[in-house]
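Please look over the sequence and the model below. The paragraphs that follow go through a helix pair, a strand-helix-strand unit and some backbone details.

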Amino acid sequence: MSDIKKIQAPFDKEVVKSLKAGDNILISGTIIAARDAAHKALIETLQRGESLPVKLAGETIYYLGPSPAKPGEVIGAAGPTTSGRMDKYTPTMINEVGINGMIGKGYRSQDVVDAMKKSGCVYMVAIGGAGALISQSIKKYEVLAYPELGPEAIARLTVEDFPAIVAIDCEGNNFYEVGQEPYKKI
């Protein structure tokens, strides 16, 4: 494991290139929350030849559908959604929309990894089951598009020291694979 790297979001391609599979990171700044229904709506908008309702180029997408906030809180539990559910939309989000990063949980398809390598994109994971803890790093939640989707609306999150691990870097190095290697020999 590496030392913790602190990064500011949104981040540019130089930051993407500096992140390596297995890096522990803390993200501060803004990231975009979007899940299945929002991804579907975005892709359908592009297929109709229309402009997206929000600028996503250079952004990091957190696959999140938060639970309702308790009174006085910014957001409820904010754990990651299984990333594979977005895989059919992700190559378009990377190659055509221009996102720089994604945060979720679990494995990604080869098509997604190929798009990441082609365009320079990083995939990070947050710890599933730690949604209440993760929510403490979210300082602001602002719906940007598709409010009718409720918790699946596109939202901007202002985060401070949001914890994540680089699962797949922009070169295609996959921590799910290299991280397991030492234990396969036991």
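A crossing of two helices is called left-handed if the near helix is turned anticlockwise from the far one by less than a right angle, and right-handed if it is turned clockwise. In this predicted model, helix H3 passes helix H4 in a left-handed crossing. H3 covers residues 90–97 and H4 residues 110–119; their axes lie 8 Å apart and make an angle of about 15 degrees. Angles under 35 degrees count as roughly parallel, and H3 and H4 are therefore roughly parallel to each other. From H3, the residues Thr90, Pro91, Ile94 and Asn95 take part in the contact, and they meet Asp111, Val112, Ala115, Met116, Lys118 and Ser119 of H4.

Towards the N terminus, strand E1 (residues 4–9) pairs with strand E2 (residues 24–33) through six bridges, in the parallel sense. Within this pairing, Leu26 of E2 is the residue opposite Lys6. Helix H1, residues 13–18, joins with E1 and E2 in a right-handed β-α-β unit. The loop between E1 and H1 contains Pro10. The peptide bond between Ala9 and Pro10 is cis, with omega about 0 degrees.

Residue 10 also begins an annotated span: an unreviewed UniProt entry places the feature "domain: Fe-S hydro-lyase tartrate dehydratase beta-type catalytic" at residues 10–177. In the model, this span is 26% helix and 26% strand, and its end C-alpha atoms are 27 Å apart.

A further backbone detail concerns Tyr146, in the loop between strand E6 (138–145) and strand E7 (154–168). Tyr146 is not a glycine, yet its phi is positive, near 55 degrees.

Definitions and conventions
Residues are numbered from 1 along each chain as its sequence is written. This is a predicted model: local features need pLDDT of at least 70, side-chain atom pairs count only at pLDDT 80 or more; totals for chains, interfaces and linings use all residues. Side-chain values use heavy atoms; hydrogens and water are left out. Two strands pair if DSSP finds at least two bridges between them. Helices (H or I, at least four residues) and strands (E, at least two) are DSSP runs, numbered from the N terminus. A crossover is right-handed if, with the strands pointing away from the viewer, the path from the first strand over the helix to the second runs clockwise. UniProt positions are given in the numbering used here, feature names are shortened, and annotations may be inferred rather than shown by experiment. Axes are lines fitted to C-alpha atoms, for helices over the stretch in contact, and angles run from 0 to 180 degrees between N-to-C directions. Angles under 35 degrees count as roughly parallel, over 145 as roughly antiparallel, 65 to 115 as roughly perpendicular and the rest as oblique. Contact means heavy atoms within 4.5 Å.
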